[in-house]
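Open the model in your viewer and keep the selection tool at hand. This tour goes from one stop to the next and says what to select at each.

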Amino acid sequence: MSELSNYPDFYKPIEGQPNLSKEELVQTNQAFNELFNDLMLKDIEIVRRFDGVNDRNIASLVKTIVIDGQKYTLGLQDNGQRISENETDSITFRDSEITTRDISLQRLDEETYGREYWSYRLGADGIIRRFDVGDITAKKRNDKKFGIEELEKMSKIMSTEDEPLKDRAKRGLSMAHAALQSLYNEMSNSRLEEDMGLNNQPVTLDEIQGLRDFLNSATDIQR
């Protein structure tokens, strides 16, 4: 079984993708936004809205769909208009890392575990990129195999009642530092993949049109 066998036909490998002209990037942007608006309008009654950072209005939609007998989780999020600054808490983000809108898909296996996950993201520069996460369940199982602890498990240890408050506070600061370090490491790895052309790369108009055709054949099973 090839690595791409669990992905729909419209999903194209990053390798070998053509360099896109400015005109092609604009056309892809328009197609993406039209699809995003259509999907949100179609399920407007289940769209969740809330206030984000700097009073930006955020809207999100998550549902389960079936296409050709395969279950997927479909997610959409609109982060609203972003302010011009791209620096937060001493972290300077690239335009390609500032997502204003995204459409994500994740394949569900027979036990409804989330497997292959990928998303189409509208960056602050107006370019539509695809970010691939891979098989999330397989990664979690691999982490467990090698004894990598999750922060939520560590938090249970932290909440031991007979531990002095001062020691618990120190443990909390240590966990926060570990979480921040993990964020920096993850960002560094993501940037390296982007710079090497392995992930978070611009997608073609054909792929967005293929995504639309794919979702047009979906049947909702959860609202």
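Is Leu-198 buried, partly exposed or exposed? Leu-198 counts as partly exposed because its relative accessibility is 43%, where buried means under 20% relative accessible area, exposed over 50%, and partly exposed in between (1.4 Å probe, protein chains only).

Some notes before moving on. This is a predicted model, in which local features need pLDDT of at least 70 and side-chain atom pairs count only at pLDDT 80 or more, while totals for chains, interfaces and linings use all residues. Residues are numbered from 1 along each chain as its sequence is written, and side-chain values use heavy atoms, with hydrogens and water left out.

**Stop 1: the two strand pairs**

Select β2 (57–67) and β3 (70–78). Helices (H or I, at least four residues) and strands (E, at least two) are DSSP runs, numbered from the N terminus. β2 and β3 run antiparallel and are joined by nine bridges; two strands pair if DSSP finds at least two bridges between them. They form a hairpin with two residues between them, and Asp-68 in the turn has a positive phi of about 55°.

Now select Leu-74. Its bridge partner in β2 is Lys-63, and in β6 its bridge partner is Leu-105. β3 and β6 also run antiparallel, with seven bridges joining them.

**Stop 2: the largest nonpolar core**

Select Ile-103, Leu-105 and Tyr-120, the residues with the most contacts inside the largest nonpolar core, which has 29 residues. Such a core is a set of buried Ala, Val, Leu, Ile, Met, Phe, Trp, Tyr and Cys residues joined through side-chain atoms within 4.5 Å. Elements giving two or more residues to this core include α1 (22–42), β6 (99–108), β7 (114–123) and α5 (205–216). α1 gives the most, with six residues.

What is Ile-103 in contact with, leaving aside its neighbours within four places in sequence? Among its contacts (heavy atoms within 4.5 Å) are Phe-32, Leu-35, Leu-74, Tyr-120 and Leu-211.

**Stop 3: Gly-80**

Select Gly-80, in the loop between β3 and β4 (87–88). Gly-80 is buried, because its relative accessible area is 15%. Add Arg-56: the two C-alpha atoms are separated by 5.6 Å, and the residues are 24 apart along the chain. Leaving aside neighbours within four places in sequence, Gly-80 is in contact with Arg-56, Asn-57 and Thr-100.

**Last stop: back to Leu-198**

Return to Leu-198, in the loop between α4 (165–195) and β9 (201–202).
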